[in-house]
Amino acid sequence: QVQVAESGGGWVQPGGSLRLSCVVLDGAFSMYPMGWYAQTQTSDDQREMVAGITTNGNTNYAASVKGRFTISRDNSKNAVYLQMNNLQPEDTAVYYCAPLHTVVLGRTAWGQGTQVTVSL
């Protein structure tokens, strides 16, 4: 199983920014398309993908975050990032990262995630 460690969450006011980081403890990281997933209190423990990035840097986003969030990766550091701008209360969630293939196969070793709270 691919182990990950997320960090960078916190509390911000609406309109604020955060940058999430995820380190992947696997030597084959550069071969993995990666995704960031959000789990809200109302999602019945479901994690919804908010952003994805391929091995060559192509990205895709959920409609709700497009234009505000940017996913990137640094293969030299086995890391994937999520820059979150203009945060809104509805972005409040625990954010996780994972290799896309493990999610598709239902074999994801989810990390502890990082909490993002957006409120006044």
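Okay, a quick definition before we start: when I say helix or strand, I mean a DSSP run, at least four residues for a helix and at least two for a strand, numbered from the N terminus. With that in hand, N86 goes in the loop between β8 and β9. I'll come back to that residue. And keep in mind, please, that what you're looking at is a predicted model.

So, the overall picture. We've got one helix and 10 strands in this protein. Walking along from the N terminus, you go β-β-β-β-β-β-β-β-β, then the α, then a β to finish. The radius of gyration is 13 Å, close to the 14 Å the globule rule gives for 120 residues, so the protein is as compact as a globular protein of that length. If you'd like a box around the C-alpha atoms, think roughly 40 × 30 × 25 Å along the principal axes.

What about the inside? Of the 120 residues, 41% are buried. On contacts: take the ones between residues at least 6 apart in sequence, and 54% of those join residues at least 24 apart.

Now the outside. Accessible surface is about 6300 Å², and carbon and sulfur atoms own 48% of that. For charges, count 7 positive side chains and 8 negative ones, with the centres of the two sets 9 Å apart.

Next up, the disulfide. There's one in the structure, and it joins C22 to C97, with the sulfurs 1.8 Å from each other. That pair ties together distant parts of the chain: C22 sits in strand β3, residues 18–25, C97 sits in strand β9, residues 93–99, and the two are 75 residues apart. Handedness, for those who care: the link of C22 and C97 is right-handed, with 50° about the S-S bond. Are these two cysteines buried or exposed? Both C22 and C97 are buried.

Last topic, backbone angles. As a rule, most residues other than glycine have a negative phi. Which spots here go the other way? One of them is N78, with a phi near 50°, so to speak on the positive side without being a glycine. You'll find N78 in the loop between β7, residues 69–74, and β8, residues 79–84. And here's N86 again, as promised: its phi is also positive, near 50°. N86 is partly exposed, at a relative accessible area of 39%; the cut-offs put partly exposed between 20% and 50%, which is why 39% gets that label.

That's my tour, over to you.

Definitions and conventions: Residues are numbered from 1 along each chain as its sequence is written. This is a predicted model: local features need pLDDT of at least 70, side-chain atom pairs count only at pLDDT 80 or more; totals for chains, interfaces and linings use all residues. Side-chain values use heavy atoms; hydrogens and water are left out. The radius of gyration is taken over C-alpha atoms; the globule rule is 2.2 Å times the number of residues to the power 0.38. Buried means under 20% relative accessible area, exposed over 50%, partly exposed in between (1.4 Å probe, protein chains only). Contact means heavy atoms within 4.5 Å. Accessible areas come from the Shrake-Rupley method with a 1.4 Å probe; for residues, only the protein chains shown count as cover. Lys and Arg count as positive and Asp and Glu as negative; His and the chain ends are not counted. The place of a charge is taken as NZ of Lys, CZ of Arg, CG of Asp or CD of Glu. A disulfide is a pair of cysteine sulfur atoms within 2.5 Å.
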